[in-house]
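Visitor: Could you guide me through this structure, step by step?

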Amino acid sequence: MGGGPLDHSSRMPIALIDCNNFYASCEQLFQPVLLGKPVVVLSNNDGCVVARSAEARALGIPMAAPWHTLKDLARRHCVVALSSNYALYGDMSARVMRILSQFSPLQEVYSIDECFLDLAGAQPSPTACGRAIHTEIKRLTGLAVGVGLGTTKTLAKFANHCAKKRLEFGGVCPLFEMSTVEADRLLAWAPVRDIWGVGIRLATRLESMGIRTALDLKRAAPSRIRAAFSVTLERTVRELNGEVCLGLMAGPGARKQILSSRSFGQLISDLPPLEEAVVSYATRAAEKLRQQGLLTGNIGVFLRTNPFRTDLPQEDRSLSLTLHPTDDTRIIAQAALKTLREIYRPGFAYQKAGVLLADLVLGVCRTFRPHHVKIAAL
DNA sequence: TCTGGGGTCCTAGGACCC
DNA sequence: TCTGGGGTCCTAGGACCC
């Protein structure tokens with residue numbers, strides 16, 4: 001062994017491309033007066049921060065922070081806070097994805113602002129292709145992207161992280177063509193929490209075992225990780241070592257569930273406004289269902305109070321109903337209402353409800369597609 | 001009396017991602 | 001006063017079957 005040619009497949013690069021500060025960048029693009037200013041985009045009901053411009057990040061505004069806790073800081077530094085505009089972000093996303101699709105025959109759109117591309121065979125080289133992506137997206141859309149190239153998805157994700165955090169890469173990190181020594185130096189620099197699939201809980205447990213950096217995780221024995229954690233984290237370890245465990249999936253896989261839920265602007269105790277909310281969620285969920293050409297055989301409704309309000313009695317109930325597969329808004333809304341009435345109990349201040357469609361199967365669309373359903377008709 | 005071993009399906013819950 | 005809205009995968013345990 002040793003001395004032979006490298007296994008070609010182990011050097012096939014996968015690219016992970018994502019947009020920097022996507023929502024905030026979209027807003028700055030369409031309102032150039034915001035360029036150079038600290039901008040945050042807020043979630044529905046303007047509850048939390050879901051995106052920050054570089055300037056807002058520099059002020060130390062954390063992701064997902066409740067907006068009300070930041071008001072003073074925001075006033076002092078003239079932070080511009082915007083409600084989210086998903087129509088705008090969706091449109092920009094489609095433009096970016098269309099451009100990226102021209103760089104590879106195999107694209108997996110992973111989220112609204114990122115995708116994987118298979119760059120095996122890219123001309124003149126994968127790294128040159130990565131640089132072309134970086135400049136072309138900027139030129140054609142005005143958006144800045146980071147590009148990471150690795151031999152597995154997990155390594156491509158990590159390379160992308162390096163491309164954004166370390167200026168010497170100029171936005172493109174070709175991790176796949178680095179020597180082991182160079183690559184391990186980068187992995188040693190990153191806390192284990194920066195690896196895709198390691199959240200705060202796993203990071204805490206890993207650290208207590210002495211696994212503190214990404215390199216520590218790469219060097220951990222897969223069997224030990226599997227025993228102490230799960231097959232998911234074992235795969236992460238293998239992928240850090242260049243073993244492909246997660247394939248690229250072309251096209252969006254068939255949905256397994258469709259969820260439509262929302263926090264209310266204010267707490268709700270009475271049944272009628274809850275019915276109104278649940279019917280509107282059911283209507284939206286049914287629209288998504290038909291868009292994907294699916295039928296649902298199981299409708300669930302959940303209802304819960306605000307878990308942060310420890311001063312109030314807590315309630316969190318859910319119930320689901322099996323039915324003949326359908327995509328009919330009337331039937332779905334009716335089932336959702338029936339379920340809601342079963343789980344509703346007076347005396348609680350509810351904060352959130354949702355409708356979950358499961359047991360999805362491929363099917364043909366029905367004819368009746370109302371935009372609105374009146375509760376009285378149900 | 002002894003109370004197996006393997007399979008499936010379902011649900012709940014934990015953890016993660018963006 | 002004020003804490004998002006989507007999703008995914010995995011595991012454990014119970015019910016039921018032969």
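Guide: Let us begin with a contact to the nucleic acid, in what is a predicted model. A polar side-chain atom of Arg-235 lies 2.7 Å from a phosphate oxygen of DNA strand C.

Visitor: Which residue has a side-chain N or O atom 2.2 Å from a phosphate oxygen of DNA strand C?
Guide: Two further side chains have an N or O atom beside a phosphate oxygen of DNA strand C. For Lys-256 the separation is 3.1 Å. The residue with the separation of 2.2 Å is Arg-309.

Visitor: Which element gives the largest share of the surface near DNA strand C?
Guide: The elements that give two or more residues to this surface are helix H11 (231–240), strand S9 (258–268), helix H12 (271–291) and strand S12 (350–362). The largest share is 6 residues, and it comes from S9.

Visitor: What percentage of the atoms of DNA strand C within 4 Å of the protein belong to sugar or phosphate?
Guide: The protein surrounds DNA strand C with 25 residues. By class, 7 are nonpolar, 10 polar and 8 charged. Of the strand's atoms within 4 Å of the protein, some belong to bases, while the share of sugar or phosphate is 71%.

Visitor: Around the axis of helix H4, how wide an arc do the buried residues cover?
Guide: The buried residues of H4 are Leu-88, Tyr-89, Met-92, Ser-93, Val-96, Met-97, Ile-99 and Leu-100. They lie on the same side of H4, because the arc they cover around the axis is only 160°.

Visitor: Which exposed residues does the face of H4 turned away from its buried side carry?
Guide: An α-helix has 3.6 residues a turn, so residues three or four places apart point the same way. On the face of H4 turned away from the buried side, the exposed residues are Ala-87 and Arg-98.

Conventions
Residues are numbered from 1 along each chain as its sequence is written. Chains are lettered from A and ligands numbered from 1 in the order in which they are written. This is a predicted model: local features need pLDDT of at least 70, side-chain atom pairs count only at pLDDT 80 or more; totals for chains, interfaces and linings use all residues. Side-chain values use heavy atoms; hydrogens and water are left out. Buried means under 20% relative accessible area, exposed over 50%, partly exposed in between (1.4 Å probe, protein chains only). Helices (H or I, at least four residues) and strands (E, at least two) are DSSP runs, numbered from the N terminus. The arc is that of the directions from the helix axis to the C-beta atoms. A residue is near a molecule or strand if one of its heavy atoms lies within 4 Å of it. A polar contact is a pair of N or O atoms within 3.5 Å; within protein, one must be able to donate a hydrogen and the other to accept it, and residues adjacent in sequence count only if both atoms are side-chain atoms. Ala, Val, Leu, Ile, Met, Phe, Trp, Tyr, Cys and Pro count as nonpolar, Asp, Glu, Lys and Arg as charged, and the others, Gly among them, as polar.
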